[in-house]
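Subject: Handing over the structure

Hi,

Here is the structure I promised to pass on to you. Have it open while you read, since my notes go through it piece by piece.

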Amino acid sequence: MQIIKGKTGWIEVICGPMFSGKSEELIRRLRRAEIARQRVQIFKHVIDARYDSDNIVSHSCQSLPSVAVSAAADILARIDDRTELVAIDEAQFFDAELVAVCDRLANQGKRIIVAGLDLDYRGVPFGPMPHLICRAEYVTKQLAICMVCGDPAGFTQRLTPSRDQIQVGATGMYEARCRHHFEAPASQGEE
Ligand code: ADP
């Protein structure tokens, strides 16, 4: 990805299934921004207390401090005007207003990096992610490794019987699957 730096801001989306390295890639980009001495603010959704409520954490245990918020408007309320880069992890959990918040901040000249699951456990587009992908200047789709066959995996297989769209957890509750081995749950008309 080649990014030309000018006065305008932009939106980058990092998407893919669980275990595909979204958080690792987000942390990599943030570490480089810190080396460049950019002013950075990092947010994640409060619902993701998977490892830590104050940090974004990858499955490989890399982490960076973040602020947990419960709504997209909370991000806007906490933005420092001087901030150059705004990062948002677990973006799929946010309300639809996240799209407008990211647009507004990018229009102010900031670099926005959003990481999140593009598909839920049913293989259905997740929360604000499809709209964010359409609005973004740069989209990176990551793939994991299918736990059945070892091929590239674009889906997140839920291993428990829960039917809630949001069921926070990691190893043991979910695994990455390729399209051949992903088994979507039978439709029950739930959202
Ligand atoms: P994500 O944010 O997309 O859930 P993370 O960045 O937190 O992913 O974690 C990626 C790491 O997860 C990999 O570097 C690897 O160490 C580990 N991992 C565990 N299971 C898998 C898998 N099936 N495919 C790829 N990486 C996996």
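Which polar backbone atom is 2.9 Å from a nitrogen atom of the ligand? That atom belongs to Ile-145. Before I go on, please keep in mind that this is a predicted model.

**Around the ligand**

Let's stay with the ligand for a bit. The protein covers 76% of the 570 Å² of accessible area that the ligand has on its own. Two elements give two or more residues to the shell around the ligand: helix H1, which runs over 22–35, and strand E9, at 144–145. Of these, H1 makes the biggest contribution to the shell, with 3 residues.

In total, 14 residues surround the ligand, and the closest are Phe-19, Lys-22, Glu-24, His-59 and Ile-145. Sorted by type, the shell has 7 nonpolar, 5 polar and 2 charged residues.

Ile-145 isn't the end of the story for backbone contacts. Look at Ser-20, where a backbone N or O atom sits 3.1 Å from an oxygen atom of the ligand. For Gly-21, a polar backbone atom is 3.0 Å from an oxygen atom of the ligand.

**The loop before H1, and H1 itself**

Phe-19, one of the closest residues to the ligand, lies in the loop between E1 and H1. Its phi is positive, near 70 degrees, and it is not a glycine. Is Phe-19 buried, exposed or partly exposed? It counts as partly exposed because its relative accessible area is 29%, which falls between the 20% and 50% cut-offs.

H1 has 14 residues, and from its first C-alpha to its last it reaches 20 Å, close to the 20 Å expected at 1.5 Å a residue. Several of its residues are buried, including Lys-22, Leu-26, Ile-27 and Leu-30. Lys-22 is also one of the residues closest to the ligand. After H1 comes Arg-37, with a positive phi near 60 degrees.

**Strand E1 and its partners**

Now go to strand E1, residues 10–16. How many of its residues are buried? The count is 7 of 7, so I'd call the strand mostly covered. In a regular strand, side chains alternate between the two faces of the sheet. In E1, Trp-10, Glu-12, Ile-14 and Gly-16 point one way, while Ile-11, Val-13 and Cys-15 point the other way. Residues on both sides are buried.

E1 has a parallel pairing with strand E7 (residues 111–117), over 7 bridges. To find this pairing on screen, start at Ile-14 and look for Ala-115, its bridge partner in E7. E1 also pairs in the parallel sense with strand E8 (residues 138–141), this time over 4 bridges. A good place to see that one is Val-13, whose bridge partner in E8 is Val-139.

**A histidine with two contacts**

His-45 is in strand E2, residues 40–45. It counts as buried because its relative accessibility is 7%, under the 20% cut-off. What does its side chain reach at 3.0 Å? That would be the backbone nitrogen of Ile-47. A polar atom of the His-45 side chain also lies 3.2 Å from the backbone oxygen of Ser-70.

**From E6 into H3**

Last stop: the loop between strand E6 (85–89) and helix H3 (97–107), where you'll find Ala-96. Glu-90 is in that loop too. Glu-90 has a positive phi of about 55 degrees although it is not a glycine. Are these two buried or exposed? Glu-90 is buried because its relative accessibility is 10%, whereas Ala-96 counts as exposed because its value is 62%.

Ala-96 and Ala-72 are 24 residues apart along the chain, and their C-alpha atoms are separated by 8.0 Å. Glu-97, in helix H3, makes a similar exercise for you. It is partly exposed, with a relative accessible area of 40%. Its C-alpha is 8.0 Å from that of Pro-128, and the two residues are 31 apart along the chain.

If you want somewhere to begin, go back to Ile-145 and its backbone contact with the ligand, then look for Ser-20 and Gly-21.

Cheers

Conventions:
Residues numbered from 1 in each chain as written. Predicted model: local features only at pLDDT ≥ 70, side-chain atom pairs only at ≥ 80, totals over all residues. Heavy atoms only, no water. Buried < 20%, exposed > 50% of the residue type's maximum accessible area, 1.4 Å probe, protein only. Pairing = 2+ DSSP bridges. Near = heavy atom within 4 Å. Polar contact = N/O pair within 3.5 Å; in protein donor to acceptor, adjacent residues only side chain to side chain. Areas by Shrake-Rupley, 256 points an atom, 1.4 Å probe, with all protein chains shown as cover. Nonpolar A, V, L, I, M, F, W, Y, C, P; charged D, E, K, R; others polar. Expected span 1.5 Å × (residues − 1).
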